[in-house]
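Me: Take a close look at the empty space for me: the openings, what lines them, and the framework alongside. I'd like one connected picture that I can follow in the viewer.

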Amino acid sequence: MRQSDLVRVNHLGEVIEGDAIVNGAAVAIHCAVHAARPDVVAAAHAHGPYGKTLSSLPMGVEPLTQDACAFYGDHGVHETYTGVVLDPEEGKRIGAALGDYKAVILRNHGMLTVGRSVESAAWWFLTLERTAQSQLMAYAAGTPIRICHQDALLTHEQIGGEKAGWFQFQPIWQVISRSQPDIWD
């Protein structure tokens, strides 16, 4: 993906910059999330294999690993699946389920993360997908041992903040920018 591949839309989903077709579901979700959370700069959403699998189970992110603690008490669950999100009202319900959290699991759909920078939103999404993978593997292997509430809270304070998300993405950004110098065409 290059800078020239990006498109900017207004709050109604109308293209105001760029030359590409816009996904209606992306508009319904992202516009509503940004309206609900004017403090965030970026939202990341996809249907990764582990995130969508976790979203189909009656659970959220559990404090099973250190990385999972970044989402301890900091993720919501949008419980209702009603098909492809094309209705702006459904987007508003997703924004409400996100609340003040950095992530929301969209039941039977996937996951979404937000950040006050593109880097932190991307890092939280990558980490949430890997966390879902670890949680699914742990349950497949046996009965996981949960991190206790006090330690999960402490770990969240240590690694769950905006600055930590931005910082953790920096090595990935360095690899991307060095290996794909034409990204800024």
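Reply: Start with the framework: the protein has 6 helices and 6 strands (DSSP runs of H or I, at least four residues, and of E, at least two, numbered from the N terminus). Going along the sequence, they come in the order β-β-α-β-α-β-α-β-β-α-α-α. The C-alpha trace covers about 50 × 40 × 30 Å along its principal axes. Keep in mind that this is a predicted model, where local features need pLDDT of at least 70 and side-chain atom pairs count only at 80 or more, while totals for chains, interfaces and linings use all residues. Numbering runs from 1 along each chain as its sequence is written, and side-chain values use heavy atoms, leaving out hydrogens and water.

Now the open space. The largest pocket holds about 1200 Å³. (On a 1 Å grid over the protein atoms alone, a pocket is an open set with protein on both sides within 12 Å along at least five of seven lines; in a cavity a 1.4 Å probe fits but cannot get out; lining residues have an atom within 4 Å of a point. Volume is the space filled by probe spheres on the points, joined across faces, edges and corners.)

The lining of this largest pocket runs to 32 residues, and the ones nearest its centre are Met-1, Leu-6, Ala-42, Ala-43 and Val-118. Four elements, α1 (24-36), β3 (42-46), α4 (118-141) and α6 (162-179), each put at least two residues into that lining. By class, the 32-residue lining splits into 23 nonpolar, 6 polar and 3 charged (nonpolar: Ala, Val, Leu, Ile, Met, Phe, Trp, Tyr, Cys and Pro; charged: Asp, Glu, Lys and Arg; polar: the others, Gly among them).

Helix α1 turns up again at the second largest pocket, which has a volume of about 240 Å³. Its lining includes His-11, Leu-12, Gly-24, Val-27, Ala-28, Cys-31 and Lys-92. Two elements, α1 and α3, give two or more residues to this lining. Helix α1 is the biggest contributor, with 7 residues. The classes here are 9 nonpolar, 2 polar and 1 charged.

What about enclosed space? The whole-structure search turns up 1 cavity of 30 Å³ or more, and the largest cavity has a volume of about 50 Å³. Its lining is made up of His-78, Thr-80, Tyr-81, Thr-82, Gly-83, Val-85, Glu-90, Ile-94, Leu-106, Arg-107 and His-109. Those come out as 4 nonpolar, 5 polar and 2 charged residues.

Leu-106, one of the residues lining the cavity, is a good handle on the strands alongside. In β6 (residues 110-115), which runs antiparallel to β5 and is joined to β5 by 4 bridges, Gly-110 is the bridge partner of Leu-106 (strands pair if DSSP finds at least two bridges between them). The hairpin of β5 and β6 has 3 residues between the strands, and Asn-108 there takes a positive phi near 60°. To find the other neighbour of β5, go to β4 (residues 75-78), which runs parallel to β5 with 4 bridges between them. In that pairing, Gly-76 has Val-104 of β5 as its bridge partner.

So much for the framework; back in the viewer, try starting from Met-1, Leu-6, Ala-42, Ala-43 and Val-118 around the centre of the largest pocket, then follow α1 to the second largest pocket, where α1 gives 7 residues, and finish at Leu-106 in the cavity lining.
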